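Reader: I have the sequence and the structure open side by side, and I would like a close look at a single part, the sheet. Could you walk me through it and then set it in its surroundings?

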Amino acid sequence: MIDNFLSWFVVLLILIASGIMLINRDWRVQLGALALQYLAAFWLVTRHLPFAMGSAKLVTGWMVVAALGMTRLSLTTDTEEDTFRPRGQWFPIVLIGIVALVAFGATPRIEAATPGLGLPVIAGSLLLIGAGLIHLGITADIFRAILGLLTMLIGFEIIYAAVESSILVAGFLALTNLGLGLVGSYLLIADASSRTIVEDELA
Amino acid sequence: MSAPVIWILIPLLSGVFILFGLRERVSAIVGGTIATVLAMTALILPIDTALLVGSVSVKISPAIQFFGRSFVLSAADGTLLAVIYGLAALWFFGTEASGTAHRFVSLGLIIISLLIASIAVEPFLFAALLIEMAAMLVIPLLVPLYQRPGRGVMRFLIYQTLAMPFILFSGWMLAGVEASPGDISLTTQAGTMLGLGFAFLLAIFPLYNWIPMLTEESSPYAAGFLLWALPTFTIIFAMGFLDRYAWLRASTQLSSAIQFAGVFMVASAGIFASVQKHIGRMMGYAAIAESGLIILAIGLRSTEVVNITFLLLLPRGLELAVWALGLSIIKRETYSLSFDDVQGLARKFPFATSGIIIAHLSMTGFPILAGFPPRLALWNELASQSLFASFWVFVGLLGLLIGAIRTLSVFVMAEENIAWNWGESGIQAGMLGVGVIGLFILGLFPQAMQPLLSRLPAIFEHLGQ
C-alpha cells in the first residue's frame, strides 16, 4: 500500500521534473531535473528489478548528469540562443499537459493488454517518453536534444525493465546512457571550440 | 580460443591500443594489417572444426558466455567475417590517402567489432543496443573537435537512438505473437513497432534526410564509412528477424510494404540526386538509393532473396570507399564540394575525379562495373513480380545516371589552356587505382564473388529456402 502510494508520488515527481526541464532555460536547473528523473526511475525500476540493478542505473544516470554538468561548466562561451525553440512558458506547459493526458489515458489500456507491469510504472514511463519526444521536437540545441534523448531513454528503461531482467541488457543500456552523455559532452565542446575559433578570427 | 574473442575482442582491444598508443601515420598500416589478418584468418580457419597443426589439435570454439548471455559466431559466419574485415582493411588503408582525421582507424576497429558482436549476440534482438553503441562511436569521426556539429549529425544520433527502443520492444512483442499467433491486434502492433524501428535504423523515406546533410557537412570518408558499415549490419539484423519468425516471412502485406519502401527510396533518391549541385550530397543520395535496392531485395517473394541481397551488399563497400576517397582528396583542396568549387577539377585531379565518376556509374548499374550484375539479378526477379516497381526502380537509377553525367560535365568544364596535372599523391592514386580495378573486375567477372556468395546464405536457416 505504502509502496503503491510512493510509486504514484514518484510519478508526480516525474511530471514536475519533466515540466521544469521543458520550461526552464537554465542548464543547471535542467540537469537537476534530469538527476531527479533518474532518482524517480530508480524507484520504478526496482519494482521489477533487484535493488542492485536499479542502483546501477541510478549511478550511471548521475554520472551522465555529472559529465554533462562539468562540460557545460567548463565552457567559457555561452551557447547560442535556441531560435527554433518557441518562446513563452504557456506552450511547453500545454505540451506537457497533453503528454500527461495521453499518458494517464493510455496507462490502464496498456496494463490491461500486458498485466503485471503496474500502473505507476507504465504512467511514469509514458510521461518520460512523451516529455523526451516533445523536448526533441521543439529544440535544435545540442544540450537540450541530448536531455530529450536521455529523458526518452529513461522512460523506455523503466518499462523495459518490467519485461526484460537480463544483466547484459542492463549493462548495455547503462553503457548507452553513458555513451549518450559523453557524446553530448563531446558535441558541446566541439560546438564551443568552433565558435571560439570563429570569434578569434573575427577579432 | 573462441571465435568471438578473435573477431570481436581482439579488434576491440586493438582499437583501444591504437587510439591511445600509436601515431596517426602508423595507425593506418597497423589497423589495416590487423583487419587483413582477421579477414584471412576467417577465410582460412574454419570455426568449430578441429585442425591438426603438426602434432597439436586446434579448434576455434564458436561461443563465449558473457553476463549470462552467449556471443556465437558459427562456421557459417566465417565468410561474412572475411568479407567485413576485408572491406574494413580497404577503408583503413585508405585513411592515409584520404587524410582523414585521426582516430578513424582506432574507432573504426572498435565500431566494426561492436557490429560483429551485434550479429553474434544471443538473443539476437539485443543487437539493437550494440548498433546504437556503434552509432555513437561514429560521432567523433563525423565531427572533429574544432568543427561545429551540423543538423545532420544530430538527426543521425536522434534517429539511431529512437530506433533502439522500438526494436527491443518489438522483439518482446514478437515473442508474444509466437505464443498466440491468432492475436491480430498484437501482430499488428509488433509489426508496426518493428517497422518503425527499422525505418529509423535504415533511414527509410522520409527519415533519410540526415544522410545528404551529413555527406555535405562532414568528412566524406567518415560519412562513407558510416554509410557502408551501419546499413550492412542493420540489413543482416533485419534479415535475422525474417529468418527467425516464420509469420514475418509468410506475410504478403509485410513483403509488399518492404518492397514499396524500397521502391520509394530508390525513386526519390534518384530524382533528388539528378538535381543536386553538391557532389557530397550526390553520394548521400546514391547511398540511399542503394539501401533502397537492398530493402527491395529483402522484400522479394523469391528463394533468391539472400543471394541478391548479398550480391548487392558486397560491391557497396568498394563503391563507397572509392567514391569517398575521391571526395576526400578533392575536399582537401577545395574545402567545399559544391559544383561551383569543383568545376574543371578533372585536369587537376584526374584519378580522384575518375574514381568518383566510376563509383557513381557503378551505383547506377552501368554495365561492366560492379553494380551491374546485382541490379540485373534484382531486376530479373522484380520484373516477374511487379512491372510497376521495376519502372520506378528504372526511374531512380536513371536519376542517378543523370547525376553522374552532370558531375562529369562539371569536372571537365575547365577553362581553356589549362594543362593536365597529377594532383594526387602516389598513395592516393594507388588506392584509387586498386579500387577502380576492383569495380571493373567485379563487373566483368561477377563469378569472382561466387565462392563467397555460395557460402553466405548459410548464415540463415530458413530465409531463402
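Author: Happy to! Let us begin with the term we need: two strands pair if DSSP finds at least two bridges between them. Please keep in mind that this is a predicted model. With that definition in hand, look at chain B, where an open sheet of three strands has the order 3-4-5, with antiparallel pairing. In general, strands of a sheet pair through backbone hydrogen bonds, either parallel or antiparallel.

Let us take the pairs in turn. Strand 3 of chain B covers residues 63-66 and strand 4 of chain B covers residues 69-72; four bridges hold this antiparallel pair. Within the pair, Gln65(B) faces Ser70(B) of strand 4 of chain B. The two strands form a hairpin with two residues between them, and there Phe67(B) has a positive phi near 50°.

Now cross to the other partner. Strand 4 of chain B is also joined to strand 5 of chain B (residues 121-122), by two bridges and again in the antiparallel sense. Here Ser70(B) is placed opposite Glu122(B) of strand 5 of chain B. Ser70(B) is therefore a handy landmark on your screen: it stands opposite Gln65(B) in one pair and opposite Glu122(B) in the other.

What happens at the edges of the sheet? Strand 3 and strand 5 of chain B each have a single partner strand, so each is left with one side that has no neighbour in the sheet.

Next, the chain around the sheet. Chain B has 19 helices and five strands. Its radius of gyration is 21 Å, close to the 23 Å given by the globule rule for 465 residues, so chain B is as compact as a globular protein of that length. The C-alpha trace of chain B spans about 75 × 60 × 45 Å along its principal axes. Of its 465 residues, 58% count as buried. When contacts in chain B between residues at least 6 apart in sequence are considered, 79% of them join residues at least 24 apart.

Among the helices of chain B, one pair is worth a stop. Helix 12 (residues 279-298) and helix 13 (residues 305-334) of chain B pack at an angle of about 170°, and their axes are 9 Å apart. An angle over 145 degrees counts as roughly antiparallel, which is why helix 12 and helix 13 of chain B are described that way. On the side of helix 12 of chain B, the contact includes Ile279(B), Met283(B), Glu290(B) and Ile298(B), while helix 13 of chain B contributes residues including Val305(B), Arg316(B), Trp323(B) and Leu327(B). By type, the residues of this contact divide into 15 nonpolar, two polar and two charged.

For a different kind of spot in chain B, find Ala448(B), in the loop between helix 18 (426-444) and helix 19 (450-455) of chain B. Ala448(B) counts as exposed because it has 12 C-beta neighbours inside 10 Å. Leaving aside residues up to four places away in sequence, Ala448(B) touches Ile441(B) and Leu442(B). From Ala448(B) to Arg244(B) the C-alpha to C-alpha distance is 30 Å, with their positions 204 residues apart in sequence.

Finally, the neighbouring chain. Chain A has seven helices and zero strands, so to speak a plain run of α-α-α-α-α-α-α from the N terminus on. The radius of gyration of chain A is 18 Å, close to the 17 Å of the globule rule for 203 residues, so chain A too is as compact as a globular protein of its length. Along the principal axes, the C-alpha trace of chain A spans about 65 × 40 × 25 Å, and 47% of its 203 residues count as buried.

Where the chains meet, chain A gives 28 residues and chain B gives 24 residues to the contact. On the side of chain A, the elements that supply two or more residues are helix 6 (142-163) and helix 7 (167-202). Helix 7 of chain A gives the most, with 19 residues. The residues on this side of chain A divide into 20 nonpolar, six polar and two charged.

Terms used: Residues are numbered from 1 along each chain as its sequence is written. Chains are lettered from A and ligands numbered from 1 in the order in which they are written. This is a predicted model: local features need pLDDT of at least 70, side-chain atom pairs count only at pLDDT 80 or more; totals for chains, interfaces and linings use all residues. Axes are lines fitted to C-alpha atoms, for helices over the stretch in contact, and angles run from 0 to 180 degrees between N-to-C directions. Angles under 35 degrees count as roughly parallel, over 145 as roughly antiparallel, 65 to 115 as roughly perpendicular and the rest as oblique. Two residues are in contact if their C-beta atoms, placed from the backbone, lie within 7 Å. Ala, Val, Leu, Ile, Met, Phe, Trp, Tyr, Cys and Pro count as nonpolar, Asp, Glu, Lys and Arg as charged, and the others, Gly among them, as polar. The radius of gyration is taken over C-alpha atoms; the globule rule is 2.2 Å times the number of residues to the power 0.38. A residue is buried if 20 or more other C-beta atoms lie within 10 Å of its own, exposed if 12 or fewer, and partly exposed in between; C-beta atoms are placed from the backbone.
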